[in-house]
Amino acid sequence: LVSCVGWSTADELHSCSDDRQVLRWNPVTSEATCLLSLPHQVYPLDLHCFPRGIAGKKQSQAESFVLTSSDGKFHLISKLGRVEKSVEAHCGAVLAGRWNYEGTALVTVGEDGQVKIWSKSGMLRSTLAQQGTPVYSVSWAPDSDKILYTSGKQLIIKPLQPNAKVLQWKAHDGLILKTDWNSVNDLILSAGEDCRYKVSSASILTTRTFIRTPEMDGELFAVGSFNTLRLCDKTGWSYALEKPNTGSIFGISWSMDGTQLAGACGNGQVIFAHVLEQHWEWKNLEITLIKRRTMKVHNVLNDAVDLLEFRDRVIKASLSHGYLVVSTSLQCYVFSTKNWNTPLIFDLKEGTVSLILQAERHFLLVDGGGLYLYSYEGRLISSPKYPGMRTDILNAKTVSLSNDTLAVKDKADEKVIYIFEALSGKPLGDGKPLTHKTEIVEIALDQKGLTSERKIAFIDKNRDLFITSVKRFGKEQKIVKIGTMVQSLAWNDTSNILCGIQDSRFTVWYYPNTVYVDKDLLPKTLYEKDASEFSPKPQIVSFVGNQITLRRAEGSLVHLHISPYPAILHQHVSTSSWQDGLRLCRFVKDQTLWACLAAMAVANKDMATAEIAYAAIGEIDKVQYINSIKDLPSRESRLAHMLLFSGNTQEAETLLLQSGLVYQAIQVNINLYNWERALDLAVKHRTHVDTVLAYRQKFLEDFGKKETNQRFLQYAEGLEVDWNKIKAKIEMEIAKERERAAASPAVRS
């Protein structure tokens with residue numbers, strides 16, 4: 001009986017069995033050599049190789065591994081097969097042992113019900129827990145500060161910190177035998193004698209013996225049982241089911257690149273399995289990995305088929321923006337979709353690429369060593385870094401790339417997003433990261449438009465959707481909530497349209513920037529559809545052109561189509577073709593499109609178009625206000641009132657003061673009933689104090705109130721309000737502004 005297996009490199013496996021031999025396997029040739037023989041009456045139960053990432057440095061292979069055995073000991077064994085140390089650990093068998101992700105600590109569990117933490121050298125640090133029943137399985141939390149272990153039908157998460165809160169819940173109706181905790185997606189898997197395996201709170205009925213997730217990207221996991229090997233998506237549904245003649249599969253281990261796994265079988269065999277038939281789709285192209293080193297390209301328009309052969313096994317691939325990027329164990333291939341015959345090839349610093357992200361102009365490779373941004377010509381553009389960077393836990397939800405910006409969600413502080421300039425790799429703006437009040441779970445950068453207008457959308461742990469600008473200089477950037485109970489989101493690849501699954505509705509924000517321009521208009525720029533037909537919690541796979549692909553909870557794909565007109569409108573606005581935009585809206589006759597045009601026109605300071613668009617959707621009060629803006633004498637006043645229209649009071653006041661229009665700044669605050677600020681400005685600039693007091697007095701008289709504010713009483717003492725004088729002063733200020741505007745060469749907007 002083979003009891004356990006573990007990979008030391010992507011091409012080398014160790015296995016242990018009841019014949020007390022430790023074998024080293026070459027999976028390419030299926031040859032095995034004996035590494036060492038264990039003493040009599042020592043039966044191995046679990047094996048875990050020392051992690052390759054030590055203090056940010058990656059070793060080419062694991063230097064040693066820990067082997068737990070039935071005699072109550074664990075053994076530290078070097079890669080050469082020498083037993084460096086044997087430690088008396090438990091009374092009864094040591095059922096499992098696991099290194100933490102940094103390689104600084106080892107946890108063991110046993111039949112005696114104890115959970116013990118050991119140093120790297122095998123010195124006992126602490127007994128974390130003690131119970132009356134055996135502990136069959138144990139896993140480290142992604143940040144190595146908590147331990148997950150079994151207790152009968154219960155799962156327990158216990159922090160290493162003393163007196164910290166312990167989490168315990170009933171996970172199965174039978175004895176729990178195996179657990180795993182993925183470092184990338186933070187999902188917990190468990191399997192029990194109730195014939196179920198569970199992914200977090202999801203429960204799927206099946207047989208069980210062992211589960212394991214690959215640490216590469218957390219997208220897949222495997223389940224082994226009697227004569228059964230099943231490959232599953234992280235949400236629980238099954239990709240593939242194999243029925244090998246193996247007996248019970250007692251242990252599964254994924255290779256470091258996540259492309260293959262090995263299983264310890266009850267009939268004395270070691271089974272090797274490779275992940276194949278992965279699919280990538282983009283527009284009219286469908287690509288399938290048909291062999292470990294071969295891809296098939298199918299063009300559905302003309303039914304043309306091409307085969308792409310690679311020297312080494314394919315680890316990761318991405319298809320988007322007219323390019324296919326493929327990483328093998330040693331090289332990276334960049335294919336243009338226009339020519340499959342001459343790929344650009346360059347060598348990789350480290351073979352285990354865990355993530356590929358593409359933008360229109362460049363792509364990002366993430367491996368154990370860092371983040372690397374390459375052009376499609378194969379030139380290294382930049383390699384951004386941030387404090388405490390751990391690339392092994394990054395995935396497509398925590399990293400986002402656009403043509404000019406890279407955003408990465410921090411793991412140490414999950415409220416923080418680091419934002420980098422793509423070309424230089426340096427932090428954007430003032431260098432400070434974006435900080436939110438709650439932990440963030442998913443981020444996404446918009447893909448089109450100017451760098452100065454780049455937006456990032458993110459979902460926090462409360463499932464609220466926020467949007468903010470990535471350009472940050474000094475002042476705190478405005479973060480605005482635009483959705484609630486959002487499960488998944490994606491930006492369009494060709495225009496800044498955002499889609500998401502919001503509660504039980506599929507929602508498209510045709511122009512999310514509306515929230516900064518006219519917040520009341522935002523609901524009119526949305527498209528909503530009932531999403532209950534897509535099953536609970538569907539995930540958005542892609543948003544290309546006007547087609548959105550969703551994956552249901554059971555794994556099937558659903559394709560949705562939205563109106564192509566908002567994307568066309570975005571294109572017209574990006575080239576300032578306002579007349580084309582108006583013609584499009586008049587042709588389509590859709591209120592949502594008119595609302596988008598109104599917001600776009602205000603954002604781009606085109607008030608003539610904004611007036612027509614607001615009139616088309618019946619916003620008469622806003623049409624009148626826009627008309628009043630057009631009649632203002634100076635360009636500065638018009639710009640300030642457009643800022644006021646968008647709710648940016650502070651920016652409007654600053655613009656007026658910088659332009660020397662002090663009275664206009666005071667009048668803005670009077671109109672908004674910001675009496676204290678109006679008086680502050682009047683006193684500071686020694687002008688129009690009587691104007692502020694007069695308007696304040698009239699305001700109180702209209703409501704039948706008396707002045708109680710001491711500052712206003714102080715300045716009003718001995719001052720008699722003369723409305724004729726005040727009106728004369730106001731007319732003089734307006735005349736001065738007209739003269740100044742006439743002398744200025746500025747063109748009226």
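Student: In this predicted model, what is the strand order of the open sheet of four strands?

Tutor: The model is predicted. Pairing in this open sheet is antiparallel. Its four strands run in the order β42-β43-β44-β45.

Student: Which are the edge strands there?

Tutor: An edge strand here pairs on one side only. That holds for two strands, one at residues 399-401 and the other at 434-435. They are β42 and β45.

Student: In β43, which residue is the bridge partner of Val399?

Tutor: β42 pairs with β43 (residues 405-409) in the antiparallel sense. Three bridges make up that pairing. Within β43, the bridge partner of Val399 is Val408.

Student: Is strand β24 largely enclosed or not, and how many of its residues are buried?

Tutor: Buried means under 20% relative accessible area. Leu220, Ala222 and Gly224 point one way from β24, and they are buried. Phe221, Val223 and Ser225 point the other way, and they are buried too. The strand is therefore largely enclosed by the rest of the structure, and its buried count is six of six.

Student: Which residue in the turn of the β24 and β25 hairpin has a positive phi?

Tutor: β24 pairs with β25 (residues 228-233) in the antiparallel sense, over six bridges. One of these joins Gly224 to Leu229. Two residues lie between the strands of the hairpin. The one in the turn with a positive phi, about 50°, is Asn227.

Student: Is Ser144 buried or exposed?

Tutor: Ser144 sits in the loop between β15 (138-140) and β16 (146-151). Its relative accessible area is 9%. The cut-off for buried is under 20%. So Ser144 is buried.

Student: Which side chain joins that of Ser144 in a polar contact of 2.9 Å?

Tutor: Leaving out residues up to four places away in sequence, Ser144 touches Asn100, Tyr101, Glu102 and Leu160. A polar atom of the Ser144 side chain lies 3.4 Å from the Tyr101 backbone, at its nitrogen. The 2.9 Å contact is between side chains, and the partner is Glu102.

Student: How much space lies in the largest cavity?

Tutor: The structure holds two cavities of 30 Å³ or more. β39 (362-367) and β40 (370-375) each give two or more residues to the lining of the largest one. Its space is about 60 Å³.

Student: How many residues of the lining of the largest cavity are charged?

Tutor: The lining residues include Leu348, Val353, Leu365, Tyr372 and Tyr374. Lys349, Glu350 and Asp367 are also among them. The lining has five nonpolar residues and no polar ones. The charged count is three.

How values were computed: Residues are numbered from 1 along each chain as its sequence is written. This is a predicted model: local features need pLDDT of at least 70, side-chain atom pairs count only at pLDDT 80 or more; totals for chains, interfaces and linings use all residues. Side-chain values use heavy atoms; hydrogens and water are left out. Two strands pair if DSSP finds at least two bridges between them. Buried means under 20% relative accessible area, exposed over 50%, partly exposed in between (1.4 Å probe, protein chains only). A polar contact is a pair of N or O atoms within 3.5 Å; within protein, one must be able to donate a hydrogen and the other to accept it, and residues adjacent in sequence count only if both atoms are side-chain atoms. Contact means heavy atoms within 4.5 Å. On a 1 Å grid over the protein atoms alone, a cavity is a set of points where a 1.4 Å probe fits but cannot get out, and a pocket is an open set with protein on both sides within 12 Å along at least five of seven lines; lining residues have an atom within 4 Å of a point. Grid points are joined across faces, edges and corners, and a volume is the space filled by probe spheres set on the points. Ala, Val, Leu, Ile, Met, Phe, Trp, Tyr, Cys and Pro count as nonpolar, Asp, Glu, Lys and Arg as charged, and the others, Gly among them, as polar.
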